[in-house]
Protein chains: 4
Amino acid sequence: MREFMIRTDLALEAKEQYEGESGQIKELQGVLVETSFLEGTNGNLTKVTILNKEGEQALQKPIGTYLTIEAEDLPRPDEDYHSQISKELSRQLLTLLPEQTRKSILVVGLGNREVTPDALGPKVVEHLCITRHIRLANLPTFLKKEYDISGIVPGVMAQTGMETYEIVKGIVDKTHPTAVLVIDALAARSTKRLNTTIQLSDTGIHPGSGVGNHRKALTQETLGVPTISIGVPMVIDAATIVGDTMEHLITALEEAHMVQGLNQTMEEFEEEDKRQLILELMDERLRKMYVTPKDIDASVEQISFTISEAINQAFAV
Amino acid sequence: MREFMIRTDLALEAKEQYEGESGQIKELQGVLVETSFLEGTNGNLTKVTILNKEGEQALQKPIGTYLTIEAEDLPRPDEDYHSQISKELSRQLLTLLPEQTRKSILVVGLGNREVTPDALGPKVVEHLCITRHIRLANLPTFLKKEYDISGIVPGVMAQTGMETYEIVKGIVDKTHPTAVLVIDALAARSTKRLNTTIQLSDTGIHPGSGVGNHRKALTQETLGVPTISIGVPMVIDAATIVGDTMEHLITALEEAHMVQGLNQTMEEFEEEDKRQLILELMDERLRKMYVTPKDIDASVEQISFTISEAINQAFAV
Amino acid sequence: MREFMIRTDLALEAKEQYEGESGQIKELQGVLVETSFLEGTNGNLTKVTILNKEGEQALQKPIGTYLTIEAEDLPRPDEDYHSQISKELSRQLLTLLPEQTRKSILVVGLGNREVTPDALGPKVVEHLCITRHIRLANLPTFLKKEYDISGIVPGVMAQTGMETYEIVKGIVDKTHPTAVLVIDALAARSTKRLNTTIQLSDTGIHPGSGVGNHRKALTQETLGVPTISIGVPMVIDAATIVGDTMEHLITALEEAHMVQGLNQTMEEFEEEDKRQLILELMDERLRKMYVTPKDIDASVEQISFTISEAINQAFAV
Amino acid sequence: MREFMIRTDLALEAKEQYEGESGQIKELQGVLVETSFLEGTNGNLTKVTILNKEGEQALQKPIGTYLTIEAEDLPRPDEDYHSQISKELSRQLLTLLPEQTRKSILVVGLGNREVTPDALGPKVVEHLCITRHIRLANLPTFLKKEYDISGIVPGVMAQTGMETYEIVKGIVDKTHPTAVLVIDALAARSTKRLNTTIQLSDTGIHPGSGVGNHRKALTQETLGVPTISIGVPMVIDAATIVGDTMEHLITALEEAHMVQGLNQTMEEFEEEDKRQLILELMDERLRKMYVTPKDIDASVEQISFTISEAINQAFAV
């Protein structure tokens, strides 16, 4: 969870804002979208490729590949099901990391382990099959794959006084991994994405993305090696839920002929302006809050296992 | 945090709904309110006494005494300040528990220790100076006060499969405390109450209060001994923040002459109906969510110490 | 881990003390021993049945059945292997609990979650599939078995000020389970048992067993329903390791002709007297210590999953 | 706790091995020892200065200053007492860090937070008043001291796959602190040191010290800035307790005329050879174990607060 939560961390949701109510997709310059059904999981895989500056502008996300696994049953504690998802995730992870980049993988578990929805990253690292020190010591292992896995939980700025970038870049410069995997809890625009969506991307992590602070990003550009992010929406920001409910209210009021023309008025606002308006109307304290499901502890536990398992399968067992 | 969050757990907020915009207080039958300044803490103590059925009806809270300490600086990590608050809390605690009820105090830490804002109760019990077993074994202690303190963290229903009442009642029947202290994270109506308010009450805890399910309550009536609750608002429910922001929006729209009469329309709704309307308009998933500040981990840690310290001072050190 | 650690919590080890150096078993009145090989696990199942007072006297354990699974690879993080062990454990658990006692199972996770080797019980309860509240509410589940599972982590006396018995008995009297499962970390006599042995017994838990304090025991007699214990040795007490090493030293010294007759002198001591002698020679502070492997955190995590899985398989999924 | 535990991490204990039974101190070349009484704490401060190679050889510790606070009541949960110790510790810390090195302090919490006695370092960092990010952002604080504090919990090799040195050196090179404070749980030779002794040293941390692996050390030489260590004995290694008890046994046996000359034989061994002998006689598994008090969780909690408080006083509040 980045310090300043953004509208949506999901390329999939950014794209959906361009879809009409009928489900029709407006054509987007510089963006490729492919969707396929994931057998055995009752879920979908969507690949959004942002090809150029035009696509970057359209979705407000950097050029790169965004793979999204959507699986409604992800919150269910069904081991066989999670095993299917792990396998798919593992497969997709390897498509983003060509053979020559797999020799030594550093997994970075972002977030605050003391805040339930933000503990996803730290918990993934906890469950990993760490192997780098064993291989460096030339000790035998029972593992099938010969890649090195190392892991770090850097903590958040209030705990360390340091930028995550400073910590990770320092470690990368010293231990020379061939790729970095960054795990993070994300903010979603829609409640239906919470705990049901996993996004992989080769663009790394851009805290406060769009705000232009590239100094802090964890990307191939800043770290010097391919940097893949794995994110799962765990919170919604408060402005989003207010905005959604308000739209429903206005529609209801118009249908009841209690007001007129308000919906039209609201539609004239750009999506981003509408959000800005709501933020201004919200209590200042509310802007520093997050919204999360009451059973988030169980979801974080479950999904962190599924992701660790995928990484272990790709690079160890 | 109760399984179904209610509008407000605070008697103080229930009372405020009867205050006009000018700050004037409408007279309430059956309710006494006294406010005093707390020297050295820049805070207030408000005592709301609900005297009879009329007061109960007016505030939708059971007959009893509700002491509320309001202290804006409570989230600040200032040790001397927290020491002042602990002393005041300790003093107020003793006003609710006459000498003959202090012999053996069972402290119950409600909530889920795995969910950050809900871990307040468990953390208070962790920091307590537990003495009952030492006294039963007739071992010497260095403590000044001669009361027994015992503690239990019962967990939440999803972890135990049992009602909190079943667990606590079972333990009370077996260990015979002379009073029970129940610590719980509360839901507040207003963001400004979060982490700045501590409520003590001799009415115990009524999960889903107003809904009429008295079977589950932890009160003198159900447990057989005086039952004091200590609660601190740690979350707001999603409907509350939507409602507040919408009122601001409608006012802004009217002032801009973009709509007319909507505020009046909304005012015709009863407070509770308005809330019901919002709940209906909200995404179903959203109803099972909570809203909490991003730095809630630090607040829970700090305030749990302050409360433990107050209990230790009252009954042990 | 009981407050006062005893020589061995394992019936298997108690029995072994009667075996000669050649591996021959002295005949024990009132004790039946059967051993079988566990296919697919490279392990053994030993069933020790103590039939009467004579057997009780011989092994210093109460009359009852003790099933011990020995599996050297238990500390290894191999999922398929642990799945085999879970299945076997599940099967054995059901042999101790006839159909009519399975309707509602209360699982009690003994121990202190803040002390790594003692966190086994609490961690087992964390991973359980809790169902009692779902069934009481008549909600649908996806589970195949129709038994109720509830769980409690009572904490240790230093945290609660209460006897574990008081807490568990109170809850049993209130929630009426048809059987109780008690999970506990044990003390072993030999390092080779650590993390490689799981003991099931229908005799429950006798803290400070042999010392005659039946008031605190968790057994069918005290709780009123069948009470099964599941224990895994996680610590050795300090006197044991001193004794073992000393025997090796004396043998070595004699072989080097540096001393004579000391081994013979030591052999004249009864096993229990030898231990008493060592305890007297040990630093007083040392008697309150435990010995545990440096990687105990990984073992507790792994084995707690294996046990939860066995319970879930027996009564839920 | 270093991966391979050494005989003693305490300079004070190294020195004591040169003291005769009468308490007389043999003169040590290259070593200065000063002891003073700590008023109000019923404790002592001992300053051992190793001046040159001769002293280094004698105590098997690097050249430098070792300050040891001995306070028998340290395990007692008495707030006023701990406040005294914090003040003294804070004072001594500042004597090791001249003004020009205090501008930006990086605190490193070594150890495994999942293993109770090894969690001291991580817990100290948790309780710190972290300020670096606040000052870098030029935000106002309420603090009196103007130094930057940052903190990191690097984890242990089994969790990260990396040497602690690699992680810390990487972060130091990136964030440029003016001094590093390393907090670690230590191994002591004597049970009476457990939880009663705090050692400060300007020589940093030498994992497996004496073994000559300077690559992994955290010292001024390797990190490039003054590196102070703060350590508290939390465990004893198993060989130590076996050795101690055996000496008592042999004395007892000789006094009972059951053996003769064995004590003399044992005394002919060098301290280090005796230890080596015991290690060989011990069960191989036992060598990978640690011995720790049963109430270690409470001690770690208490003492970590005392140390954080000392650091906060020295550099923040």
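**Exercise 1. Determine whether Thr131(B) is buried or exposed, and describe its surroundings.**

Step 1. Thr131(B) has a relative accessible area of 0% and is therefore buried; buried means under 20% relative accessible area, exposed over 50%, and partly exposed in between, with a 1.4 Å probe and protein chains only. The model is a predicted one, in which local features need pLDDT of at least 70, side-chain atom pairs count only at pLDDT 80 or more, and totals for chains, interfaces and linings use all residues; side-chain values use heavy atoms, without hydrogens and water. Residues are numbered from 1 along each chain as its sequence is written, while chains are lettered from A and ligands numbered from 1 in the order in which they are written.

Step 2. The residue Thr131(B) belongs to the loop between helix H4 (120-126) and helix H5 (132-136) of chain B. Helices (H or I, at least four residues) and strands (E, at least two) are DSSP runs, numbered from the N terminus.

Step 3. Leaving aside residues up to four places away in sequence, Thr131(B) touches Leu143(B), Tyr147(B), Asp148(B) and Ile149(B), where contact means heavy atoms within 4.5 Å.

Step 4. Between the C-alpha atoms of Thr131(B) and Val153(B), 22 residues apart along the chain, the separation is 16 Å.

**Exercise 2. State how many residues of H7(A) are buried, and describe what comes just after this helix.**

Step 1. Helix H7 of chain A (residues 164-175) has 12 residues and reaches 16 Å from its first C-alpha to its last, close to the 16 Å expected at 1.5 Å a residue. The expected span is 1.5 Å times one less than the number of residues.

Step 2. Nine of the 12 residues of H7(A) are buried, and the helix is mostly covered. Among the buried residues are Tyr165(A), Glu166(A), Ile167(A) and Thr175(A).

Step 3. Just after H7(A), His176(A) takes a positive phi of about 50°. Most residues other than glycine have a negative phi.

Step 4. In chain B, His176(B) lies in the loop between helix H7 (164-175) and strand E6 (179-188), and its phi is near 50°. His176(B) is exposed, with a relative accessible area of 58%.

**Exercise 3. Describe how H9(C) and H9(D) cross.**

Step 1. Two packed helices are described by the angle between their axes and the distance between the axes. The axes of helix H9 (residues 238-255) of chain C and helix H9 (residues 238-255) of chain D come within 9 Å and cross at roughly 65°. Axes are lines fitted to C-alpha atoms, for helices over the stretch in contact, and angles run from 0 to 180 degrees between N-to-C directions.

Step 2. H9(C) and H9(D) are therefore roughly perpendicular to each other; angles under 35 degrees count as roughly parallel, over 145 as roughly antiparallel, 65 to 115 as roughly perpendicular and the rest as oblique.

Step 3. The contact includes Ala238(C), Ile241(C) and Leu249(C) of H9(C), together with Ala238(D), Ile241(D) and Leu249(D) of H9(D).

Step 4. The residues of this contact of H9(C) with H9(D) divide into 10 nonpolar, two polar and no charged. Ala, Val, Leu, Ile, Met, Phe, Trp, Tyr, Cys and Pro count as nonpolar, Asp, Glu, Lys and Arg as charged, and the others, Gly among them, as polar.
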